[in-house]
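Please open the structure in your viewer and keep the selection tool at hand. The tour below goes stop by stop, with a selection to make at each.

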Amino acid sequence: METQLSNGPTCNNTANGSTAINNCSSPVDLGNAEDSKTNLIVNYLPQNMTQEELKSLFGSIGEIESCKLVRDKITGQSLGYGFVNYVDPKDAEKAINTLNGLRLQTKTIKVSYARPSSASIRDANLYVSGLPKTMTQKELEQLFSQYGRIITSRILVDQVTGVSRGVGFIRFDKRIEAEEAIKGLNGQKPPGATEPITVKFANNPSQKTNQAILSQLYHSPNRRYPGPLAQQAQRFRLDNLLNMAYGVKRFPPMTIDGMTSLAGINIPGHAGTGWCIFVYNLAPDADESILWQMFGPFGAVTNVKVIRDFNTNKCKGFGFVTMTNYDEAAMAIASLNGYRLGDRVLQVSFKTNKTHKA
DNA sequence: TGGGATT
């Protein structure tokens, strides 16, 4: 077993082999008085963000009527967006003004009014390939805007060079608009282009998630899970992120649910606080951040604690991590037990009732 | 040949 957190806390990476040019158009105003002015959709959430963290963040603005993080029905993985419905429309507006564009980890979240849920707005996302490498996002939108209202657009670029990969996405307001755009533009040459473009419906996001999960579960040799570990090693939880956000955004202090109240982790196997994991053979200078970084990629982590000597303040060699979901905790244990951190091989298991005296 | 916006 040689799973490695190769670059440690500062490991620099992005999710895949490509990144996108600016994908955030500004939140749209509601043209329809019947539309809700309290219900928001929040996009581009970090993969690991939990519903509770979403609620904590948006609850700092005002009273929330309901809040939902959208998850894959099968795997439970976050699909990276959610809904926040406020009691007061003024708070919804304030949340857009305050939180839209907030950077969380590698993401820049987008906060906008949710459109009324309707079958007509589903599956309205197009995959476009064969674009001229010189085509900008604005030009792409101009090309497609004749077919309807564009909700989002994006052009994928090479991660290293920043050059367009000739591939993009267009999300229309309505599926019927997307259908018309396919009819009108698939196989056509854009103005000035030498090659025709391909326009088709994009894949469904949850399918990809399922593939990724299955790949992690069944196709990784030797119980290694390089996806989450290598790609998401630098992920921090909401409290870290909010500290960063304070410097930029200035919203009122808040309590992070389930984090400040979970200091007493010594209660063995205590029900209701999640699954407690014992981590052994940490270095004397280990701190909480390394635990967040190692375990965060596997799912919802509510608490970490490094046990330190009272006098020296050095780590006694072990610590604890609490995770909300059993399967995520089990995955973390399977992946991280035997993991080499520096010159130490960690032992990771569910916490038992043993006492560990050092 | 590819990000992730409708509960």
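Which of the 33 residues around DNA strand B come nearest? Select N39, K110, R115, N125 and R154, which are the nearest of that set. Sugar and phosphate supply 46% of the strand B atoms that come within 4 Å of the protein. Keep in mind throughout that this is a predicted model.

**Stop 1: contacts to DNA strand B**

Zoom in on N39, where a polar side-chain atom is 2.2 Å from a base oxygen of DNA strand B. Then select N43: a polar atom of the N43 side chain lies 2.7 Å from a sugar or linking oxygen of DNA strand B. Add Y44, which has a side-chain N or O atom 3.4 Å from a phosphate oxygen of DNA strand B. Now colour the elements that give two or more residues to the surface near DNA strand B: the strands β2 (39-43), β4 (78-86), β7 (110-113), β8 (125-129), β9 (150-158) and β10 (164-172), together with α5 (205-218). How do the residues of this surface divide into nonpolar, polar and charged? There are 12 nonpolar, 11 polar and 10 charged residues.

**Stop 2: a loop residue**

Move to A119, in the loop between β7 and β8. Is A119 buried or exposed? With a relative accessible area of 67%, A119 is exposed, because the cut-off for exposed is over 50%. Add K174 to the selection and display the two C-alpha atoms: A119 and K174 are 8.9 Å apart in space, C-alpha to C-alpha, and 55 residues apart in sequence.

**Stop 3: aromatic rings**

Show the aromatic side chains next; the count comes to 10 aromatic pairs. Select Y81 and F83, whose ring centres are 6.1 Å apart with the planes at 80°, so this pair is edge-to-face. Y81 is partly exposed at 25% relative accessibility, and F83 is also partly exposed, at 28%.

Go on to F278 and F318, a tilted aromatic pair with 5.8 Å from centre to centre and 55° between the planes. F278 belongs to strand β12 (residues 275-280) and F318 to strand β14 (residues 315-323), so the pair ties together parts that are 40 residues apart in sequence. F278 counts as buried at 9% relative accessibility, and F318 counts as buried at 6%. Extend the selection to Y280 and F320: ring pairs link F278, Y280, F318 and F320 into a cluster.

For another kind of ring contact, select R175 and F201. The charged end of R175 sits over the F201 ring, 4.1 Å from the ring centre.

**Stop 4: a buried serine**

Select S60, in the loop between α1 (51-59) and β3 (64-71). S60 counts as buried, at 16% relative accessibility. What lies 2.6 Å from a polar atom of the S60 side chain? Show the backbone of L57 as well: the backbone oxygen of L57 is at that distance.

**Stop 5: helix α3**

Finish at helix α3 (residues 137-144) and select its buried residues, Q137, L140, L143 and F144. They cover an arc of only 120° around the axis, and therefore lie on the same side of α3. Then select K138 and Q142, exposed residues carried by the face of α3 that is turned away from its buried side.

Definitions and conventions
Residues numbered from 1 in each chain as written. Chains lettered and ligands numbered in written order. Predicted model: local features only at pLDDT ≥ 70, side-chain atom pairs only at ≥ 80, totals over all residues. Heavy atoms only, no water. Near = heavy atom within 4 Å. Polar contact = N/O pair within 3.5 Å; in protein donor to acceptor, adjacent residues only side chain to side chain. Helix = DSSP H or I, 4+ residues; strand = E, 2+ residues; numbered from the N terminus. Nonpolar A, V, L, I, M, F, W, Y, C, P; charged D, E, K, R; others polar. Buried < 20%, exposed > 50% of the residue type's maximum accessible area, 1.4 Å probe, protein only. Phe/Tyr/Trp six-rings, centres within 6.5 Å; stacked < 30°, edge-to-face > 60°. Lys NZ or Arg CZ within 6 Å of the ring centre and 35° of its normal. Arc of directions from axis to C-beta.
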